[in-house]
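Subject: Structure handover

Hello,

Here is the structure you will be working with. Please open it next to this email and look up each residue as you read.

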Amino acid sequence: MIESAFKGICGSSPEVVVHAPGRVNLIGEHTDYNDGFVLPAAIDRFIEFAGRRRADRTVRVHSTDFQDSTEFSLDDIQKDSEHRWSNYLRGVSKFLESDGHKLTGADIVFGGNVPRESGLSSSAAVEVAATTFWQRLMGFKLDPVYVVKLSRRAENEFVGVPCGIMDQFISALGRAEHALFLDCRDLSYRHVPLRGDVKVIVCNTGIKRALAQSEYEVRLKQCNQAVAQLKTVGLAIKNLRDVDPEDLDTASDALSEILLRRARHVVTENARVLEAVKVLEEGDLERFGELMNASHESLRDDYEVSSKELDVLVELAWKQPGTLGARMTGAGFGGCTVNLVRADAADAFAEAVSRGYQETLSMKAEIYVCRASDGALATPAAGP
Ligand code: GLA
């Protein structure tokens, strides 16, 4: 697909083609920026980059999704408010160069099928694909975790979105048929097999995450405030990752009602991820599903990042035969839900949930039955 677009636009075959997947988070929401635990999977929706070197220092780039082109010089990489879609590539290119990885100009065409602004991390996929593209085009040998961190840095410091590390990590290092259990403090991880007799189904509310960024920043601040206040009553903690549920009960008087609820979400969510990994490895999918459901309730009631549309989709899912668990996924305020459904019930699930959503809210939900996929650095085409 992207090769033929490249040929059409640039008149020859690309030298390098790479792709990076979007992701769905099974459990562990709003824990990554608290040094906590997450369990995402890469999905079979990808951003693809095709390109070739140029002899100068110009990067000419075309987005097949936006049907738009722009160019920039590697000697003066600025944010572009007219072609915002190019900022991920600009940021990645800038930080590679400033880290001493010298680039040449390039002709690039990119695009893909990760739904945008839907909580499935299309921007992380663009960043990771861009970094992987440069790595392959220039023949760099980059440490995979460096690729992840640089991609995230483009989002944090260039685009200006204060996200955690989960999305870039899974887009780079996901594995087919597996979820990835990541400790966001020391970045140790392991892949956990997903069994074939269940499907991961994503339901898209169709609501773009309008409030997501500002509310995300508020949550981030509230978590830091909670840590500061818990320290004043003698808890020896660096951040919410270090608080266990009993400590929080004992120290609850130190926190305002709202900060207590925010902290309680993070603290209980971390505990849920640890249990979820254990029961997934033991094959206890029923318990895994219960933990997903509890995660949704906590995000809805304590962290307050759900929305009417997300709640409707989750409640519809909970009623379907064969549903093991359902919850909102990603930052919240719109975007998608993730559902673990017995394989033989998947078709009926998709049909019933989209009908129910139409009947309840007169809205159309897109439903994707996902396969857990390889991350950008796991695919032979993208490896160093
Ligand atoms: C967004 C961020 C992630 C993470 C999730 C919430 O996807 O990019 O880093 O914080 O929200 O779990």
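Below are notes on what was found, one region at a time.

Please keep in mind that this is a predicted model.

The ligand

Twelve residues need looking up here, so begin with the list. Around the ligand lie Arg23, Glu29, His30, Asp32, Tyr33, Cys163, Gly164, Met166, Asp167, Tyr216, Gly330 and Ala331. Three of these come with a distance to a ligand oxygen. For Glu29, an N or O atom of the side chain is 2.6 Å from an oxygen atom of the ligand. For His30, the atom concerned is a polar one of the backbone, and the distance to a ligand oxygen is 2.7 Å. For Arg23, an N or O atom in the side chain is 3.0 Å from a ligand oxygen. On its own the ligand would expose 310 Å², and the protein buries 94% of this area.

The hairpin of β9 and β10

Gly330 and Ala331, from the list around the ligand, lead on to the next region. Strand β9 covers residues 323-329 and strand β10 covers residues 336-342; the two pair in the antiparallel sense, over six bridges. One bridge joins Met328 to its partner in β10, Thr337. Together the strands form a hairpin with six residues between them. In the turn, Gly330 has a positive phi of about 85 degrees. As for β9, seven of its seven residues are buried, which makes the strand mostly covered.

Helix α5

Two more residues around the ligand, Met166 and Asp167, also belong to the buried residues of α5. This helix spans residues 166-173, and eight of its eight residues are buried. After Met166 and Asp167, the list goes on with Gln168, Phe169, Ile170, Ser171, Ala172 and Leu173. What do these buried residues pack against? Their partners are β1 (16-27), β2, α3, α4 (144-159), β6 (178-183) and β7 (189-193).

Aromatic rings

How many aromatic pairs does the structure hold? There are eight. In one of them, the ring centres of Phe49 and Phe133 are 6.0 Å apart and the planes are at 40 degrees, so this pair is tilted. The pair links distant parts of the chain, with Phe49 in strand β2 (residues 37-53) and Phe133 in helix α3, 84 residues apart. Phe49 has a relative accessibility of 0%, so it counts as buried. Phe133 also counts as buried, because its relative accessibility is 0%. Ring pairs join Phe49, Phe66, Trp85, Phe110, Phe133 and Trp134 into a cluster.

Two single residues: Ser122 and Lys94

Ser122 is found in helix α3, which runs over residues 122-138. Is Ser122 buried or exposed? It is buried, because its relative accessible area is 12% and the cut-off for buried is under 20%. Apart from neighbours within four places in sequence, Ser122 is in contact with Ile47, Val114, Pro115, Arg116 and Glu117.

Lys94 sits in helix α2 (residues 87-98). With a relative accessible area of 34%, Lys94 is partly exposed. Leaving out neighbours within four places in sequence, Lys94 is in contact with Ile77 and Phe158. Lys94 and Gln78 are 16 residues apart in sequence, and their C-alpha atoms are 8.7 Å apart in space.

Regards

Note on methods:
Residues are numbered from 1 along each chain as its sequence is written. This is a predicted model: local features need pLDDT of at least 70, side-chain atom pairs count only at pLDDT 80 or more; totals for chains, interfaces and linings use all residues. Side-chain values use heavy atoms; hydrogens and water are left out. Helices (H or I, at least four residues) and strands (E, at least two) are DSSP runs, numbered from the N terminus. Buried means under 20% relative accessible area, exposed over 50%, partly exposed in between (1.4 Å probe, protein chains only). Contact means heavy atoms within 4.5 Å. Two strands pair if DSSP finds at least two bridges between them. A residue is near a molecule or strand if one of its heavy atoms lies within 4 Å of it. A polar contact is a pair of N or O atoms within 3.5 Å; within protein, one must be able to donate a hydrogen and the other to accept it, and residues adjacent in sequence count only if both atoms are side-chain atoms. Accessible areas come from the Shrake-Rupley method with a 1.4 Å probe; for residues, only the protein chains shown count as cover. Rings of Phe, Tyr and Trp (its six-membered ring) pair if their centres lie within 6.5 Å; planes under 30 degrees apart count as stacked, over 60 as edge-to-face and the rest as tilted.
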